[in-house]
Amino acid sequence: MGAETGHDAQRPAARVLVLGIGNILWADEGFGVRTVEAFHRRFETDAEVTILDGGTQGLYLVDHVASHDLLLVFDAIDYGLEPGTVHLVRDAEVPRFTGNKKMSLHQTGFQEVLSAADLLGRYPTSLALIGCQPVDLEDWGGPLTGPVAAAIGPALDLALEVLAGWGIAVRPRTVPLPPEQQLLANDIDHAAYERHAAAGSAPAA
């Protein structure tokens with residue numbers, strides 16, 4: 001018998017990017033970064049999944065987006081909802097909301113990232129944006145507000161649903177992640193930053 005072909009052949013695994021964008025120096029603007037940080041700290045995935053703190057990199061993210069098939073983004077988004085509300089949008093809706101009301105420079109940049117990936121002919125086949133309605137975007141050096149910090153858990157639950165729908169395996173970590181392997185380091189991880197903010201001296205990002 002020859003090798004199996006057609007529907008029985010092994011298909012390459014879809015490449016998945018789990019991305020957080022935002023600026024941790026501006027209070028709730030840090031929601032996306034803090035949520036992807038929490039995702040990385042709590043869960044492990046297979047090799048086809050990339051977990052990335054995109055921060056405010058803007059167009060520097062084009063190569064990352066264009067090299068993946070499936071894209072899941074965490075961000076602070078002005079949906080016009082109650083503060084702290086988590087909301088999911090998908091596919092064609094995503095670019096519209098990443099530029100909605102231009103709350104911050106990075107959102108305009110991410111809309112351009114998606115446009116650039118499209119022009120390259122390497123647009124992800126599926127997109128999901130998990131956004132949280134912010135409370136405060138103007139408290140420089142301040143931590144996430146209470147409602148937005150409390151939204152990280154529900155955002156992660158929603159992310160697990162999205163990834164499961166894509167057939168992506170996610171497993172809770174059974175061993176705590178060592179500090180040197182965490183997504184953010186150098187005293188800007190969430191816990192350390194909160195301590196500095198409480199003391200009135202946020203570390204440089």
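Does F110 count as buried or exposed, and at what relative accessibility? The points below address this and other features.

1. The model is predicted: local features need pLDDT of at least 70, side-chain atom pairs count only at pLDDT 80 or more, and totals for chains, interfaces and linings use all residues. Residues are numbered from 1 along each chain as its sequence is written, and side-chain values use heavy atoms, leaving out hydrogens and water.

2. F110 has 2% relative accessibility and therefore counts as buried (buried means under 20% relative accessible area, exposed over 50%, partly exposed in between, with a 1.4 Å probe and protein chains only). F110 lies in helix α4, residues 105-119 (helices are DSSP runs of H or I with at least four residues, strands runs of E with at least two, numbered from the N terminus). Its C-alpha atom is separated by 7.0 Å from that of L59, and the two residues are 51 apart along the chain.

3. A "binding site" feature is placed by UniProt, in an unreviewed entry, at E29, D75 and H106; such annotations may be inferred rather than shown by experiment, and the positions follow the numbering used here, with feature names shortened. Of these residues, D75 sits in strand β4, residues 70-76. With 0% relative accessibility, D75 counts as buried.

4. Residues of α1 that meet α6 include F31, R34 and F39, and among their partners in α6 are I152, L156 and L163 (contact means heavy atoms within 4.5 Å).
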